[in-house]
Amino acid sequence: MEATNLGWSPSIRQLKNDSKNIFQSKGYPATSNEEYKYLPIQKLTKAINQEKLIASTSDFSLPINLDAYVVFIENGQFRKDLSTLNGLPENVLVDTFTNAFSVLPELAEKVGKLADISDGFVAKNTAEFDNGICIFIPNNLQLNKPIYLVHFFSGSSSGCVYWRNLVVLGEQSSAELVSHTYDANLNAPVLLNTVSEFSVAKNARLDISSLQETGSLLSEVNYSIGKIHSSGLINHFAFCLSGSLIRNNTQFLLHGENANCNMFGVFLPTTGETIDNHTLVDHRVPNCQSNELYKGVASGKGTGVFNGKIFVRKDAQKTNAFQSNKNLLLSDDSAIYTKPQLEIYADDVKCSHGSSTGQLDEKALFYLQTRGIGLEAARKLLVTAFAQEILNEVGNSTLKEYLELAIENKLSTF
């Protein structure tokens, strides 16, 4: 039986009111803002100027045939009838905010504790969201299969969806989350504005795979932030496969000693697409480690952005932090803007960052052609090999196979 809607807690009501005031004061960020200088916000105008998206009922099929607990969200509305959550272990909670907070009211106090409402998109989301998905994994529980969260869009209504996720892992627990934004059949511009907050307790592990296939009419601005406690681990994968406009802000706070995070990303912009990734790893305490590798491939008149920062605080001695961004430009009109950054206030650390942008190796292309492989096939082979380094880190074989095919299909359009 579903819990009764008891309304928002006083803390959430206050948070939403504060966010509304901030947004009314500041609005959306402009391109004069250094953090948004390459984001063509004018692309969002048609969707932003509409009301919230009207839900519609349509035929569907899951993009990936994962053996998973499925959370199905259609046009911003949770579809319990299309979700498959039977068999969840006892005390594991995967439900809407309304129901989850009625069962465990203390979870409501975690909403908004990490996300920065000074960002215009976060402020707007926080002021406007009317529900979300809460995932709670209790202590000492290893979830036996992934949670597959599908955002499915179709229909002819233009508008905005403001979505919220809260994921909380107890001590010595583990879980895998696959989040997939999918444009099935949109006929009008839509903006998905998502804020996700992750809390990973001592000795817990969370694997997150974010897939974005948003098509030409669905834009996504996604803000994800996680707090990792002692000896906790987050592995985060971002696969930005297609989209008119995608902006990802991904931040992890290493809050307890021996906390770790690994961040991997692939982004593939082509003509008419802007894919903008901003990342931040905040080393707050000693003896933590982070590793980050993002790869971009731009073709046609596509635009990609990677802006990554490693921040090491004064007390975060014995930090190991590594960041790398590698890019390929497949045409003269494509562009990737890259800005790796280190900001270090401790003196006993091992940190590095780097970036490279270039074209396909002409010698490698020539070698493959001398072996009877056509030019286009050789180009596709080399680009696929370029992305394979990231795909090799994906542990879920079904997900990996889907990504390999999706990337191959995208390359066919280059």
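## Helices α6 and α7

Let's start with a helix pair: the axes of α6 (residues 375–391) and α7 (residues 397–411) come within 11 Å and cross at roughly 150°. Axes here are lines fitted to C-alpha atoms over the stretch in contact, with angles from 0 to 180 degrees between N-to-C directions; helices are DSSP runs (H or I, at least four residues) numbered from the N terminus. The crossing angle makes α6 roughly antiparallel to α7, a term for angles over 145 degrees.

On the α6 side, the contact (heavy atoms within 4.5 Å) includes Val 383 and Leu 391, and on the α7 side Leu 403 and Leu 411. Its residues divide into six nonpolar, two polar and four charged.

## About the model

This is a predicted model, in which local features need pLDDT of at least 70 and side-chain atom pairs pLDDT 80 or more, while totals for chains, interfaces and linings use all residues. Residues are numbered from 1 along each chain as its sequence is written, and side-chain values use heavy atoms, leaving out hydrogens and water.

## Nonpolar cores

A nonpolar core is a set of buried Ala, Val, Leu, Ile, Met, Phe, Trp, Tyr and Cys residues joined through side-chain atoms within 4.5 Å, where buried means under 20% relative accessible area with a 1.4 Å probe, protein chains only. The largest has 48 residues, and Ile 135 is among the five that touch the most other members. Leaving aside residues up to four places away in sequence, Ile 135 touches partners including Leu 93, Ile 147 and Leu 177.

A second, separate core of 36 residues includes Val 70, Val 383, Phe 386 and Leu 411. Val 383 and Leu 411 also belong to the α6–α7 contact.

Conventions
Buried means under 20% relative accessible area, exposed over 50%, partly exposed in between (1.4 Å probe, protein chains only). Helices (H or I, at least four residues) and strands (E, at least two) are DSSP runs, numbered from the N terminus. Angles under 35 degrees count as roughly parallel, over 145 as roughly antiparallel, 65 to 115 as roughly perpendicular and the rest as oblique. Ala, Val, Leu, Ile, Met, Phe, Trp, Tyr, Cys and Pro count as nonpolar, Asp, Glu, Lys and Arg as charged, and the others, Gly among them, as polar.
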